[in-house]
Amino acid sequence: MLVIGLTGGIATGKSTVSKLLKAKNIPVVDADILARQVVEPGTSGLKNIVKEFGPEILLPDGTLDRKKLGTIVFNDEGKRKKLNAIVHPAVRWAMFMKVIKHWVDSEKYCVLDVPLLIEGGVWQWVGKVVVVYCSADIQLQRLMLRDNSTSEEASARLNSQLPIAEKVTYADVVIDNSGTPQELSNQVDAFVEKLDKEMGSLWWIGYILPFVSLFSAVWILVSRRLRKKLRRGQKDKTT
(Lines give C-alpha, C1' and ligand atoms only; values in the text may rest on other atoms or scores of the structure.)
Protein backbone atom coordinates (compact mmCIF):
# COMPACT_ATOMS: atom_id res chain seq x y z
CA MET A 1 0.00 0.00 0.00
CA LEU A 2 1.28 3.43 -0.94
CA VAL A 3 1.22 5.92 1.93
CA ILE A 4 0.88 9.51 0.72
CA GLY A 5 1.66 12.54 2.86
CA LEU A 6 -0.56 15.55 2.16
CA THR A 7 0.39 18.98 3.46
CA GLY A 8 0.37 22.68 2.60
CA GLY A 9 0.35 26.05 4.28
CA ILE A 10 -2.42 27.89 6.04
CA ALA A 11 -5.07 29.01 3.50
CA THR A 12 -3.46 27.17 0.57
CA GLY A 13 -6.38 24.74 0.25
CA LYS A 14 -5.06 21.53 1.80
CA SER A 15 -8.37 20.81 3.52
CA THR A 16 -10.22 21.25 0.24
CA VAL A 17 -7.93 18.75 -1.48
CA SER A 18 -8.43 16.36 1.42
CA LYS A 19 -12.22 16.59 0.98
CA LEU A 20 -11.92 15.99 -2.76
CA LEU A 21 -9.88 12.85 -2.12
CA LYS A 22 -12.40 11.60 0.44
CA ALA A 23 -15.17 12.15 -2.11
CA LYS A 24 -13.32 9.69 -4.34
CA ASN A 25 -13.43 7.12 -1.52
CA ILE A 26 -9.70 7.39 -0.93
CA PRO A 27 -8.84 6.70 2.74
CA VAL A 28 -7.65 9.89 4.43
CA VAL A 29 -6.07 9.86 7.90
CA ASP A 30 -6.60 13.34 9.32
CA ALA A 31 -3.96 14.29 11.90
CA ASP A 32 -6.09 17.16 13.22
CA ILE A 33 -8.97 14.80 14.02
CA LEU A 34 -6.61 12.34 15.69
CA ALA A 35 -5.05 15.18 17.70
CA ARG A 36 -8.48 15.82 19.22
CA GLN A 37 -9.20 12.14 19.80
CA VAL A 38 -5.96 11.44 21.69
CA VAL A 39 -6.83 14.08 24.32
CA GLU A 40 -10.47 13.13 24.87
CA PRO A 41 -11.64 12.39 28.43
CA GLY A 42 -10.29 9.08 29.69
CA THR A 43 -7.25 9.04 27.41
CA SER A 44 -3.69 8.89 28.68
CA GLY A 45 -2.98 11.97 26.58
CA LEU A 46 -5.41 14.12 28.56
CA LYS A 47 -4.20 12.68 31.85
CA ASN A 48 -0.62 13.59 30.99
CA ILE A 49 -1.62 17.11 29.97
CA VAL A 50 -3.46 17.63 33.26
CA LYS A 51 -0.46 16.28 35.13
CA GLU A 52 1.82 18.75 33.34
CA PHE A 53 -0.39 21.86 33.20
CA GLY A 54 -2.82 21.35 36.08
CA PRO A 55 -6.60 20.69 36.28
CA GLU A 56 -7.40 24.32 35.47
CA ILE A 57 -6.99 23.55 31.76
CA LEU A 58 -10.16 21.43 31.90
CA LEU A 59 -13.69 22.62 31.18
CA PRO A 60 -16.49 21.82 33.67
CA ASP A 61 -17.49 18.75 31.62
CA GLY A 62 -13.96 17.32 31.88
CA THR A 63 -12.90 18.07 28.32
CA LEU A 64 -9.78 19.99 27.41
CA ASP A 65 -10.05 23.78 27.37
CA ARG A 66 -8.13 24.26 24.14
CA LYS A 67 -8.37 28.03 24.23
CA LYS A 68 -6.87 28.26 27.71
CA LEU A 69 -4.16 25.73 26.91
CA GLY A 70 -3.36 27.57 23.69
CA THR A 71 -2.95 30.81 25.64
CA ILE A 72 -0.53 29.08 28.03
CA VAL A 73 1.74 27.60 25.37
CA PHE A 74 1.50 30.31 22.70
CA ASN A 75 4.19 32.56 24.15
CA ASP A 76 6.14 29.93 26.07
CA GLU A 77 8.33 27.73 23.89
CA GLY A 78 9.29 25.47 26.79
CA LYS A 79 5.67 24.67 27.65
CA ARG A 80 4.82 24.28 23.98
CA LYS A 81 7.56 21.67 23.63
CA LYS A 82 6.22 19.82 26.68
CA LEU A 83 2.74 19.78 25.15
CA ASN A 84 4.09 18.56 21.81
CA ALA A 85 6.05 15.81 23.60
CA ILE A 86 2.74 14.53 24.96
CA VAL A 87 0.49 14.93 21.93
CA HIS A 88 2.75 14.22 18.94
CA PRO A 89 3.79 10.65 19.86
CA ALA A 90 0.15 9.77 20.56
CA VAL A 91 -0.95 11.19 17.20
CA ARG A 92 1.83 9.37 15.35
CA TRP A 93 0.87 6.07 16.96
CA ALA A 94 -2.79 6.66 16.07
CA MET A 95 -1.80 7.43 12.47
CA PHE A 96 0.30 4.27 12.31
CA MET A 97 -2.61 2.14 13.52
CA LYS A 98 -4.92 3.74 10.94
CA VAL A 99 -2.40 2.96 8.19
CA ILE A 100 -2.20 -0.66 9.34
CA LYS A 101 -5.99 -0.91 9.28
CA HIS A 102 -6.17 0.39 5.71
CA TRP A 103 -3.44 -2.04 4.68
CA VAL A 104 -5.37 -4.93 6.23
CA ASP A 105 -8.45 -3.71 4.36
CA SER A 106 -6.47 -4.16 1.10
CA GLU A 107 -6.48 -0.49 0.15
CA LYS A 108 -4.19 0.52 -2.72
CA TYR A 109 -3.12 3.67 -0.93
CA CYS A 110 -4.05 5.99 1.90
CA VAL A 111 -3.41 9.67 2.53
CA LEU A 112 -1.98 11.18 5.69
CA ASP A 113 -3.38 14.70 6.00
CA VAL A 114 -0.75 16.33 8.22
CA PRO A 115 -0.34 20.14 8.48
CA LEU A 116 3.17 19.77 9.95
CA LEU A 117 4.24 16.89 7.70
CA ILE A 118 7.54 18.62 6.88
CA GLU A 119 8.21 20.33 10.20
CA GLY A 120 7.52 17.17 12.20
CA GLY A 121 9.68 14.95 10.00
CA VAL A 122 6.77 12.68 9.01
CA TRP A 123 7.62 13.31 5.32
CA GLN A 124 10.51 10.87 5.73
CA TRP A 125 8.10 8.00 6.42
CA VAL A 126 5.73 8.29 3.45
CA GLY A 127 5.99 7.08 -0.12
CA LYS A 128 4.95 10.37 -1.73
CA VAL A 129 4.81 13.93 -0.45
CA VAL A 130 2.02 16.06 -1.91
CA VAL A 131 2.11 19.80 -1.24
CA VAL A 132 -0.88 22.02 -1.93
CA TYR A 133 0.54 25.34 -3.10
CA CYS A 134 -0.47 28.88 -3.91
CA SER A 135 1.64 32.01 -4.10
CA ALA A 136 2.43 33.88 -0.90
CA ASP A 137 0.35 36.87 -2.07
CA ILE A 138 -2.72 34.72 -2.74
CA GLN A 139 -2.16 32.92 0.56
CA LEU A 140 -2.14 36.24 2.43
CA GLN A 141 -5.29 37.50 0.71
CA ARG A 142 -7.18 34.26 1.34
CA LEU A 143 -6.18 34.21 5.00
CA MET A 144 -7.29 37.81 5.51
CA LEU A 145 -10.64 37.06 3.85
CA ARG A 146 -11.16 33.79 5.72
CA ASP A 147 -10.38 35.12 9.20
CA ASN A 148 -11.43 38.72 8.61
CA SER A 149 -7.95 39.75 9.76
CA THR A 150 -5.67 42.65 8.92
CA SER A 151 -2.64 42.32 6.70
CA GLU A 152 -0.37 42.57 9.74
CA GLU A 153 -2.27 39.86 11.66
CA ALA A 154 -2.34 37.49 8.68
CA SER A 155 1.33 38.11 7.93
CA ALA A 156 2.24 37.30 11.53
CA ARG A 157 0.48 33.93 11.26
CA LEU A 158 2.15 33.14 7.95
CA ASN A 159 5.57 34.12 9.29
CA SER A 160 5.15 31.69 12.18
CA GLN A 161 5.05 28.79 9.71
CA LEU A 162 7.53 27.24 7.33
CA PRO A 163 7.14 29.18 4.05
CA ILE A 164 5.08 27.34 1.47
CA ALA A 165 7.87 27.83 -1.10
CA GLU A 166 10.21 25.85 1.15
CA LYS A 167 7.65 23.08 1.63
CA VAL A 168 7.46 22.71 -2.14
CA THR A 169 11.12 21.67 -2.20
CA TYR A 170 10.14 18.50 -0.31
CA ALA A 171 7.30 17.64 -2.68
CA ASP A 172 7.04 14.71 -5.05
CA VAL A 173 3.78 16.19 -6.32
CA VAL A 174 2.67 19.84 -6.22
CA ILE A 175 -1.03 20.71 -6.54
CA ASP A 176 -1.27 24.37 -7.50
CA ASN A 177 -4.34 25.98 -5.95
CA SER A 178 -3.77 29.45 -7.38
CA GLY A 179 -6.75 29.19 -9.74
CA THR A 180 -10.45 28.33 -9.59
CA PRO A 181 -12.12 25.52 -7.59
CA GLN A 182 -12.76 23.67 -10.85
CA GLU A 183 -9.09 23.88 -11.80
CA LEU A 184 -8.18 22.47 -8.39
CA SER A 185 -10.69 19.63 -8.80
CA ASN A 186 -9.23 18.82 -12.24
CA GLN A 187 -5.72 18.61 -10.76
CA VAL A 188 -6.91 16.23 -8.05
CA ASP A 189 -8.63 14.07 -10.70
CA ALA A 190 -5.41 13.94 -12.71
CA PHE A 191 -3.39 13.09 -9.59
CA VAL A 192 -5.66 10.17 -8.66
CA GLU A 193 -5.69 8.91 -12.25
CA LYS A 194 -1.90 8.95 -12.31
CA LEU A 195 -1.77 7.10 -8.98
CA ASP A 196 -4.02 4.35 -10.33
CA LYS A 197 -1.76 3.93 -13.35
CA GLU A 198 1.40 3.87 -11.23
CA MET A 199 0.04 1.28 -8.82
CA GLY A 200 -1.49 -1.06 -11.42
CA SER A 201 -0.89 -4.72 -10.71
CA LEU A 202 2.02 -3.90 -8.38
CA TRP A 203 -0.58 -3.42 -5.64
CA TRP A 204 -1.60 -7.09 -5.69
CA ILE A 205 1.98 -8.28 -6.05
CA GLY A 206 3.00 -6.33 -2.96
CA TYR A 207 -0.05 -7.50 -1.03
CA ILE A 208 0.39 -11.19 -1.88
CA LEU A 209 4.20 -11.14 -1.56
CA PRO A 210 4.96 -9.16 1.62
CA PHE A 211 8.73 -9.13 1.00
CA VAL A 212 8.09 -6.93 -2.08
CA SER A 213 6.28 -4.41 0.12
CA LEU A 214 9.03 -4.62 2.71
CA PHE A 215 11.76 -3.98 0.14
CA SER A 216 9.79 -1.04 -1.28
CA ALA A 217 9.28 0.46 2.18
CA VAL A 218 12.98 0.13 3.07
CA TRP A 219 13.99 1.73 -0.23
CA ILE A 220 11.65 4.67 0.38
CA LEU A 221 13.04 5.26 3.88
CA VAL A 222 16.63 5.08 2.65
CA SER A 223 15.97 7.47 -0.24
CA ARG A 224 14.25 9.92 2.12
CA ARG A 225 17.29 9.89 4.41
CA LEU A 226 19.59 10.53 1.45
CA ARG A 227 17.42 13.45 0.37
CA LYS A 228 17.54 14.86 3.89
CA LYS A 229 21.35 14.67 3.99
CA LEU A 230 21.61 16.23 0.53
CA ARG A 231 19.29 19.07 1.51
CA ARG A 232 21.24 19.67 4.72
CA GLY A 233 24.50 19.75 2.75
CA GLN A 234 23.06 22.29 0.32
CA LYS A 235 21.98 24.51 3.20
CA ASP A 236 25.43 24.30 4.79
CA LYS A 237 27.03 25.45 1.53
CA THR A 238 24.76 28.50 1.34
CA THR A 239 25.43 29.61 4.94
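**Figure 1. Packing of helix H3 on helix H5 in the predicted model.** In this predicted model, helix H3 (residues 44-53) and H5 have axes that come within 9 Å and cross at roughly 160 degrees. Because angles over 145 degrees count as roughly antiparallel, H3 is roughly antiparallel to H5. The crossing of the two helices, H3 and H5, is right-handed. On the H3 side, the contact comprises Gly45, Asn48, Ile49, Glu52 and Phe53, which meet Lys79, Lys82, Leu83, Ile86 and Val87 of H5. Classified by residue type, the contact of H3 with H5 contains five nonpolar, two polar and three charged residues.

**Figure 2. Packing of helix H4 on helix H5.** The axes of helix H4 (residues 66-74) and H5 come within 7 Å, and they cross at roughly 130 degrees. H4 and H5 are therefore oblique to each other. Leu69, Ile72, Val73 and Phe74 of H4 make the contact with Lys79, Arg80 and Leu83 of H5. The residues of the contact of H4 with H5 comprise five nonpolar and two charged, with no polar residue. Lys79 and Leu83 of H5 are among the residues met by H3 and also belong to the contact with H4.

**Figure 3. The aromatic pair within helix H5.** The search of the whole structure yields two aromatic pairs. Trp93 and Phe96 form a tilted pair, with 5.6 Å from centre to centre and 35 degrees between the planes. Both residues, Trp93 and Phe96, lie in helix H5 (residues 77-104), where they are three residues apart, about one turn of the helix.

**Figure 4. The open five-stranded sheet.** Five strands form an open sheet in the order S2-S3-S1-S4-S5, and their pairing is parallel. Strand S2 (28-30) and strand S5 (173-176) occupy the edges, each with a single partner strand, so one side of each has no neighbour in the sheet. From one strand to the next, the twist averages 25 degrees. Strand S4 (residues 128-133) pairs with S5 in the parallel sense over four bridges. Val132 has Ile175 in S5 as its bridge partner.

**Figure 5. Helices H1 and H9 against the sheet.** H1 packs on the sheet and touches strand S1 (2-8), S2, strand S3 (109-113), S4 and S5. The direction of H1 makes about 145 degrees with that of S1. H9 lies across S1, S3, S4 and S5, and runs at about 160 degrees to S5. The edge strand S5 is thus among the strands touched by H1 and among those that H9 lies across.

**Figure 6. Packing of helix H1 on helix H9.** Helix H1 (residues 14-23) and helix H9 (residues 181-199) pack at an angle of about 55 degrees, and their axes are 10 Å apart. This angle makes H1 oblique to H9. The crossing of H1 and H9 is right-handed. Residues Thr16, Val17, Leu20 and Leu21 of H1 meet Leu184, Ser185, Val188, Phe191 and Val192 of H9. By class, the residues of the contact of H1 with H9 are seven nonpolar and two polar, with no charged residue.

Note on methods: Residues are numbered from 1 along each chain as its sequence is written. This is a predicted model: local features need pLDDT of at least 70, side-chain atom pairs count only at pLDDT 80 or more; totals for chains, interfaces and linings use all residues. Side-chain values use heavy atoms; hydrogens and water are left out. Axes are lines fitted to C-alpha atoms, for helices over the stretch in contact, and angles run from 0 to 180 degrees between N-to-C directions. Angles under 35 degrees count as roughly parallel, over 145 as roughly antiparallel, 65 to 115 as roughly perpendicular and the rest as oblique. A crossing is left-handed if the near helix is turned anticlockwise from the far one by less than a right angle, and right-handed if clockwise. Contact means heavy atoms within 4.5 Å. Ala, Val, Leu, Ile, Met, Phe, Trp, Tyr, Cys and Pro count as nonpolar, Asp, Glu, Lys and Arg as charged, and the others, Gly among them, as polar. Two strands pair if DSSP finds at least two bridges between them. Rings of Phe, Tyr and Trp (its six-membered ring) pair if their centres lie within 6.5 Å; planes under 30 degrees apart count as stacked, over 60 as edge-to-face and the rest as tilted.
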